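Welcome, and thanks for taking a look at this one. Please open the view below and keep it at hand while you read.

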Amino acid sequence: MYVEETDEYKLYEVESMAALNNENCTKIIRTQSQVYKTYYCVVFPSKLKLGLVGEGHGIPPHAERLSDYYIISLDDKLYVVNSQIGDITFKILDSLIFDILFYDDSIVIICELDVYSFRIKKNSLQLNWLVNIEDIVTGYKLTGKQLFIESEEAKAVVKLSNGYLNWVSE
């Protein structure tokens with residue numbers, strides 16, 4: 001069973017929807033799907049306890065904190081939780097989410113086939129830019145104001161201020 005614990009949260013997997021219901025979560029988050037295969041609890045210091053229901057794509061949830069918000073990814077869903085009032089908003093992205101990074105006041109989301117940049121405005125996610133890599137992302141590195149992306153076929157550099165993509169020849 002998957003377990004991750006930091007100063008900001010504890011995230012752990014449970015076996016079933018029945019087990020998730022027994023965890024006494026403040027809220028259980030799930031979006032429409034034909035198949036639910038993974039069940040997680042995430043507990044925050046504010047005593048907010050969320051249940052997450054996923055489709056089982058093999059990538060565990062990821063959580064990060066940005067000011068008064070927790071940013072949580074599961075499968076192709078990105079959740080923003082206001083830790084002060086418990087409000088939850090979400091976006092369904094075009095591919096599976098690999099990682100959550102931060103640049104200035106933006107949230108950079110590394111996905112299987114895309115890179116997104118969002119800002120939080122009035123408890124919702126506002127898209128800054130979207131870059132379609134058109135190939136499976138195999139590596140990435142945030143350096144200064146740029147994001148270096150590797151895919152199976154090529155390498156690219158993304159300028160984080162505007163999402164400008166520059167393919168790099170080897």
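What follows is a short tour of side-chain contacts and strand pairing. Please keep in mind that this is a predicted model.

**Aromatic pairs**

Across the whole structure, a search turns up 4 aromatic pairs. One of them joins Tyr2 and Tyr40: the ring centres are 6.4 Å apart and the planes meet at 85°, so this pair is edge-to-face. The contact brings together distant parts of the chain, since Tyr2 belongs to the segment before strand S1 (3–5) while Tyr40 sits in strand S4 (residues 38–43), 38 residues apart. Are the two partners buried or exposed to some degree? Tyr2 has a relative accessibility of 25% and therefore counts as partly exposed, as the cut-off for buried is under 20%. Tyr40, at 5%, is buried.

Another aromatic pair is formed by Tyr116 and Phe118, and this one is stacked, with 5.7 Å from centre to centre and 5° between the planes. Both Tyr116 and Phe118 are buried.

A charge also meets a ring in this model: Lys10 lies over the face of Tyr12, at 5.5 Å from the ring centre.

**Salt bridges**

The same kind of search over the whole structure gives 5 salt bridges. Here are some of them, with the distance between the closest N and O atoms.

| Basic residue | Acidic residue | Closest N and O atoms |
|---|---|---|
| Arg65 | Glu8 | 3.2 Å |
| Lys49 | Glu23 | 3.2 Å |
| Lys77 | Asp76 | 2.7 Å |

Which parts of the chain does the pair of Glu8 and Arg65 link? Glu8 is in the loop between S1 and strand S2 (10–14), and Arg65 is in strand S6 (residues 62–66), 57 residues apart. Glu8 is partly exposed at 30% relative accessible area, and Arg65 counts as partly exposed at 32%.

The salt bridge of Lys49 with Glu23 likewise links distant parts of the chain: Lys49 lies in strand S5 (residues 49–54), and Glu23 lies in the loop between helix H1 (17–22) and strand S3 (27–29), 26 residues apart. Lys49 has a relative accessible area of 18% and is buried, whereas Glu23, with 22%, is partly exposed.

Lys77 and Asp76 are both buried. These two residues and Glu55 are linked in a network of salt bridges.

**Strand S8 and its partners**

Lys77 also leads us to strand S8 (residues 77–82), where 6 of the 6 residues are buried, so the strand is largely enclosed by the rest of the structure. Which residues point which way from S8? Lys77, Tyr79 and Val81 point one way, and Leu78, Val80 and Asn82 point the other way, all of them buried.

S8 pairs with strand S7 (residues 69–74) in the antiparallel sense, over 6 bridges. Within this pairing, Ile71 has Val80 in S8 as its bridge partner. The hairpin of S7 and S8 has 2 residues between the strands, and Asp75 takes a positive phi near 60° there.

S8 is also joined to strand S9 (residues 88–92), through 5 bridges, and these two strands run antiparallel. Opposite Lys77 stands Ile92 in S9. In the hairpin of S8 and S9, 5 residues lie between the strands, and Gly86 takes a positive phi near 80°.

Lys77 thus appears in several places on this tour: it forms a salt bridge with Asp76, and Lys77 stands opposite Ile92 in S9.

Technical notes:
Residues numbered from 1 in each chain as written. Predicted model: local features only at pLDDT ≥ 70, side-chain atom pairs only at ≥ 80, totals over all residues. Heavy atoms only, no water. Phe/Tyr/Trp six-rings, centres within 6.5 Å; stacked < 30°, edge-to-face > 60°. Helix = DSSP H or I, 4+ residues; strand = E, 2+ residues; numbered from the N terminus. Buried < 20%, exposed > 50% of the residue type's maximum accessible area, 1.4 Å probe, protein only. Lys NZ or Arg CZ within 6 Å of the ring centre and 35° of its normal. Salt bridge = Lys/Arg side-chain N within 4 Å of Asp/Glu carboxyl O. Pairing = 2+ DSSP bridges.
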